[in-house]
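Colleague: I am new to this structure and would be grateful for a guided discussion of it. May I put my questions one at a time?

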Amino acid sequence: MNLAEGIRRHGFRKWYERKLLQGHALMVLCIFSVLGVLMALENAGAVRSLASQWDDLLAALLCAGTGLWALRRYLNLLAHAEAVAHQADCAHCGTYGRLELLQSDASGEQVQVRCRKCGSIWRIDGGRRRPAAAGALRPSSARAASPAPAPPGRLGARCAGYRS
């Protein structure tokens, strides 16, 4: 379920809560997988037939693969939920998570929302990609209006009362 569908169906707070619960269920699976690996490796060391030792090693590999998949999915899911949650604050009134979905793009990962308290409108980027540069998300007019950064070692020259 993508971001737009989740917010439309459950609301932002329930969507976020569900993502956290899904993520922590995956962490429990990861912990059980580690226990499975440890038990299979301990059992493989016992004096038994070669076939049963291979079965134990195969079980350990299966548990390790499941655990790595669960850990990777857990980290991705939590990173996505946190990235979206950091964008759910209204810039005007400071209300968190009280928003309604206005529209979304074709993928459903970029949504336009409105604050239920003050009516302010903003976009939430739920995409799992990172911008190329820090200024990549700002419009070009905002980039042109921002002052140029100070050259290295020249910051003190801008301070009042600075003497060289």
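Colleague: How far apart are the closest N and O atoms in the salt bridge of Glu 5 with Arg 9?

Modeller: This is a predicted model, and the distance is computed from it. A salt bridge requires a side-chain nitrogen of Lys or Arg within 4 Å of a carboxyl oxygen of Asp or Glu. Glu 5 and Arg 9 form such a bridge, and their closest N and O atoms are separated by 2.9 Å.

Colleague: By about how much of the helix are Glu 5 and Arg 9 separated?

Modeller: Both residues belong to helix 1, which covers residues 3–10. Because Glu 5 and Arg 9 are 4 residues apart there, their separation is about one helical turn.

Colleague: Does Arg 9 count as buried or exposed, and what is its relative accessibility?

Modeller: Its partner Glu 5 has a relative accessible area of 32%, so Glu 5 is partly exposed. The term exposed applies over 50%. Arg 9 therefore counts as exposed, with a relative accessibility of 54%.

Colleague: Which side chain meets that of Arg 114 in a salt bridge?

Modeller: The whole structure contains 2 salt bridges. In the one that involves Arg 114, the N to O distance is 3.5 Å. Arg 114 is partly exposed at 30% relative accessibility, and its partner, with a relative accessible area of 31%, is partly exposed Glu 100.

Colleague: How many residues apart in sequence are the parts that Arg 114 and Glu 100 tie together?

Modeller: The side chains of Arg 114 and Glu 100 meet in a salt bridge. Arg 114 lies in strand 2 (residues 110–115) and Glu 100 in strand 1 (residues 99–104), so the pair ties together parts whose separation in sequence is 14 residues.

Colleague: At what angle do helix 1 and helix 2 cross, and what term describes helix 1 relative to helix 2?

Modeller: The axes of helix 1 and helix 2 come within 7 Å and cross at roughly 120 degrees. That angle makes the relation of helix 1 to helix 2 oblique. The crossing of these two helices is right-handed.

Colleague: How are helix 2 and helix 3 oriented to each other?

Modeller: Helix 2 packs with helix 3 (residues 50–85) at an angle of about 160 degrees, and the axes are 7 Å apart. Angles over 145 degrees count as roughly antiparallel. The orientation of helix 2 and helix 3 is therefore roughly antiparallel.

Colleague: How many residues of the contact of helix 2 with helix 3 are nonpolar?

Modeller: The crossing of helix 2 and helix 3 is left-handed. Among the residues of their contact, 4 are charged and 10 are polar, while the nonpolar ones number 26.

Colleague: How far apart in space are Met 27 and Tyr 74, C-alpha to C-alpha?

Modeller: Met 27 is found in helix 2, and its relative accessibility of 23% makes it partly exposed. In sequence, Met 27 and Tyr 74 are 47 residues apart, whereas their C-alpha distance in space is 6.3 Å.

Colleague: Why is the pair of Phe 12 and Tyr 16 described as it is?

Modeller: The structure holds 3 aromatic pairs. The ring centres of Phe 12 and Tyr 16 are 6.1 Å apart and the planes are at 10 degrees, so the pair is stacked.

Colleague: Which residues form one aromatic cluster with Phe 12?

Modeller: Phe 12 and Tyr 16 are both buried. They are 4 residues apart in helix 2 (residues 12–44), so about one helical turn separates them. The cluster joins Phe 12 with Trp 15, Tyr 16 and Tyr 96.

Methods. Residues are numbered from 1 along each chain as its sequence is written. This is a predicted model: local features need pLDDT of at least 70, side-chain atom pairs count only at pLDDT 80 or more; totals for chains, interfaces and linings use all residues. Side-chain values use heavy atoms; hydrogens and water are left out. Rings of Phe, Tyr and Trp (its six-membered ring) pair if their centres lie within 6.5 Å; planes under 30 degrees apart count as stacked, over 60 as edge-to-face and the rest as tilted. Buried means under 20% relative accessible area, exposed over 50%, partly exposed in between (1.4 Å probe, protein chains only). Axes are lines fitted to C-alpha atoms, for helices over the stretch in contact, and angles run from 0 to 180 degrees between N-to-C directions. Angles under 35 degrees count as roughly parallel, over 145 as roughly antiparallel, 65 to 115 as roughly perpendicular and the rest as oblique. A crossing is left-handed if the near helix is turned anticlockwise from the far one by less than a right angle, and right-handed if clockwise. Ala, Val, Leu, Ile, Met, Phe, Trp, Tyr, Cys and Pro count as nonpolar, Asp, Glu, Lys and Arg as charged, and the others, Gly among them, as polar.
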